[in-house]
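Here is a short report on how the strands of one structure are arranged. Look at the sheet and follow the pairing from strand to strand.

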Amino acid sequence: MSRRKPLPPLPPEGPEPPPTPDELGGELGAVEIPVDGNLDLHLFQPRDVKDLVTEYVWACRQKGVLDVRIIHGKGTGALRRTVQSLLPTLPEVESFRTASEADGGWGATWVRLKPL
């Protein structure tokens, strides 16, 4: 029977991961979103979507951006349903429709806002 050499120690795992929201007291802080008529919801938690869309639509209208594309992704369609059920309740919204294939297909919604 031969004796095997002991394995070398494992290297360090690399940099420490960023702190969790709980470690920071619950909130990561405000995120600055450009008000350019394109809102990509992939970057946000589903629980934040209603407030985010409401605030973004309001901010776009204030800046005179009346055509807004909300990118919710295709996935299961849950986020799309959330967005499209919220839009008719917002007083700023004139109309909305599913985007064309070139603009994201059923993974995005175009919103037309009422002018000020």
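In this predicted model, strand 3 and strand 4 run antiparallel and are joined by five bridges. One residue pair shows the match: R97 has W110 in strand 4 as its bridge partner.

Strand 4 also pairs with strand 2. That pairing is antiparallel too, over five bridges. Here A108 of strand 4 stands opposite I71.

Next comes strand 1. Strand 1 pairs with strand 2, residues 67-71, in the parallel sense, and three bridges hold the count. N38 stands opposite R69 of strand 2.

The pairings side by side:

| Strands | Sense | Bridges |
|---|---|---|
| Strand 1 and strand 2 | parallel | three bridges |
| Strand 2 and strand 4 | antiparallel | five bridges |
| Strand 3 and strand 4 | antiparallel | five bridges |

What order do the four strands take in the sheet? The order is 1-2-4-3, in an open sheet with mixed pairing. Strand 1 (38-40) and strand 3 (93-98) have a single partner strand each, so they stand at the edges, and one side of each is left without a neighbour in the sheet. From one strand to the next, the twist averages 20°.

In general, strands of a sheet pair through backbone hydrogen bonds, either parallel or antiparallel.

A helix completes the picture. Helix 1, residues 49-63, lies across strand 1, strand 2, strand 3 and strand 4 (108-113). Helix 1 runs at about 165° to strand 1.

Conventions
Residues are numbered from 1 along each chain as its sequence is written. This is a predicted model: local features need pLDDT of at least 70, side-chain atom pairs count only at pLDDT 80 or more; totals for chains, interfaces and linings use all residues. Side-chain values use heavy atoms; hydrogens and water are left out. Two strands pair if DSSP finds at least two bridges between them. Helices (H or I, at least four residues) and strands (E, at least two) are DSSP runs, numbered from the N terminus. Axes are lines fitted to C-alpha atoms, for helices over the stretch in contact, and angles run from 0 to 180 degrees between N-to-C directions. Contact means heavy atoms within 4.5 Å.
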